[in-house]
Amino acid sequence: MSVAFESRVLPSAAILVFLVTLSLPTVTPASAQVPDRQALVAALDSTARAHADNPLVAGVSVAVVRGTDTLLMKGYGKVDLEWDMATPGDAGASYEIGSMTKQFTAAAIFQLVEAGKVDLDADMTTYLPGYDTQGFGIPVRRLLDHTSGIKGYTEMPAFADLRMLRLPRDTLVALVQAEPLDFEPGTALIYNNSAYFLLGLIIEKVSGQSYEEYVMEHLFEPLGMEGSYYCSERAIRKGRAHGYDATPAGLERAAYLDHTWPYAAGSLCSTVGDLVRWNQALHGGRLLPEDAYRRMITPMPLKDGTPTRYAAGLGVMGEGRHQVLAHGGGINGFLSDGRYYAQDDLTVVALQNSTGSPGPGALTAALANLVLGPPPELFGTPFSGNLDELTGRYTGPARGRPLTMVVTRDADGLVLTPEGTSNAARPVHLEGLTWGMGQTRSSFVREGGVITALILDQGSGLYVLKREGRE
């Protein structure tokens with residue numbers, strides 16, 4: 001359903017979208033925990049192979065590593081459909097990872113904070129003095145967690161043409177800053193590629209290096225990530241998978257994109273083996289000091305104290321002891337998903353060279369469930385209030401366009417339906433005025449005894465929807 005936590009808009013020939021994939025998809029009954037290692041390895045391999053057998057999946061490389069035990073690191077399907085070339089069995093193929101890039105950008109910012117070159121509480125114009133913030137103060141930290149309010153460039157119609165061209169990056173900056181903010185900084189959370197584009201410019205300004213040089217010298221090389229690099233639509237790279245977009249008629253070659261534009265929001269390429277190294281270094285204390293690491297993975301509340309579940313380049317999801325730090329990505333021809341389960345020291349990564357469904361998020365969730373067991377179900381509690389006072393239309397800014405949620409009720413409880421769709425959701429009551437479904441939380445706001453708003457928290461987006469007809 002479209003209001004679920006996974007906020008996907010698949011790339012198309014019309015426009016690029018770097019997507020975020022933070023959810024824990026619904027698990028099939030077959031994805032139960034397998035305690036015996038030999039049987040577990042066989043089950044992981046079988047699950048990945050079945051995923052690759054889907055006709056809209058060209059190829060996929062997968063890694064499942066628990067502590068120092070590599071349970072699975074293998075490639076499936078094809079890295080090149082034209083030449084019928086199989087994905088290397090050693091999982092050494094490199095893929096465009098899209099928005100998984102954001103955690104590298106965030107880590108670079110925190111390195112520069114530690115070096116005394118960036119102040120997270122300083123206004124972004126301290127480092128980009130020519131940027132017009134339209135009278136608002138926008139601290140650097142608001143760029144990291146999608147709470148800046150700056151217009152997302154991948155949702156702008158003008159980007160459909162710009163993505164094909166190689167122009168100076170300030171061309172895009174000029175387009176973005178000319179647009180009104182979507183909301184006052186710090187009052188909502190809407191997934192935003194513009195903010196990470198600007199963070200890339202800040203990295204370059206304070207370090208004196210290009211973003212590509214900084215990431216290579218300070219992140220990839222120290223960690224031995226030999227298969228990772230800044231993607232190029234022109235350069236020849238040995239072992240690089242070719243990307244394919246899904247269409248109603250099947251797969252086709254990925255639409256063209258100049259890598260001037262994904263930049264610090266989505267232009268890195270990597271392998272599953274390198275991403276395991278990255279997770280082990282980042283979460284194992286080898287990249288950032290403990291205090292800096294904790295700040296990077298701790299979501300900050302909105303101005304009014306509303307909690308969020310997106311930190312700096314990583315979503316912080318899950319319930320109980322299986323909390324997961326996760327991010328996914330999508331770019332023309334490629335989808336990616338990476339998860340780190342901190343309490344279990346478990347890394348699960350899947351890189352796919354097609355945009356067909358099911359995406360790699362479904363695969364990583366199923367693989368993790370084989371190792372850990374499925375996540376706990378959301379069990380509802382009785383609601384003693386009056387459901388009728390919650391019904392109505394709620395509207396507010398969302399990613400790329402306003403969102404109107406229509407709330408109705410029937411004999412079984414509340415029904416939430418995005419206007420213009422038939423995707424009705426039936427969440428369960430959790431507590432107070434909060435309902436849940438999967439990883440989505442829907443909380444009604446009461447002010448002065450009247451329901452005035454609905455806060456829809458999908459992790460990668462926290463949308464404050466005002467009730468229509470109410471002040």
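## A buried tyrosine and its partner

Let's start with Tyr230, which is buried, at a relative accessible area of 12%. This is a predicted model, so every value here is computed from it.

Its partner in the fold is worth a look too: Tyr211 is also buried, with a relative accessible area of 0%. The ring centres of Tyr211 and Tyr230 are 6.3 Å apart and the planes meet at 75 degrees, so this pair is edge-to-face. Tyr211 belongs to helix H7 (residues 211-220) and Tyr230 to strand E6 (residues 229-230), so the pair ties together parts 19 residues apart in sequence.

## The cluster around them

Tyr211 and Tyr230 also belong to one aromatic cluster, together with Tyr153, Phe159, Phe197 and Tyr263.

## A pair that spans the sequence

How many aromatic pairs are there in the model? The count comes to twelve. One of them joins Tyr95 and Phe334, edge-to-face, with 6.4 Å from centre to centre and 85 degrees between the planes. Tyr95 sits in strand E4 (residues 95-96) and Phe334 in strand E12 (residues 334-341), so here the pair ties together parts that are 239 residues apart in sequence.

Are these two rings buried or exposed? Tyr95 is buried, with a relative accessible area of 0%, and Phe334 is buried as well, at 2%.

## Charges over rings

Two tyrosine rings have a charged end sitting over them. For Tyr229, the charge comes from Arg237, 3.9 Å from the ring centre. For Tyr196, the charged end is that of Lys102, 5.6 Å from the ring centre.

How values were computed: Residues are numbered from 1 along each chain as its sequence is written. This is a predicted model: local features need pLDDT of at least 70, side-chain atom pairs count only at pLDDT 80 or more; totals for chains, interfaces and linings use all residues. Side-chain values use heavy atoms; hydrogens and water are left out. Rings of Phe, Tyr and Trp (its six-membered ring) pair if their centres lie within 6.5 Å; planes under 30 degrees apart count as stacked, over 60 as edge-to-face and the rest as tilted. Helices (H or I, at least four residues) and strands (E, at least two) are DSSP runs, numbered from the N terminus. Buried means under 20% relative accessible area, exposed over 50%, partly exposed in between (1.4 Å probe, protein chains only). A charge sits over a ring if NZ of Lys or CZ of Arg is within 6 Å of the ring centre and within 35 degrees of the ring normal.
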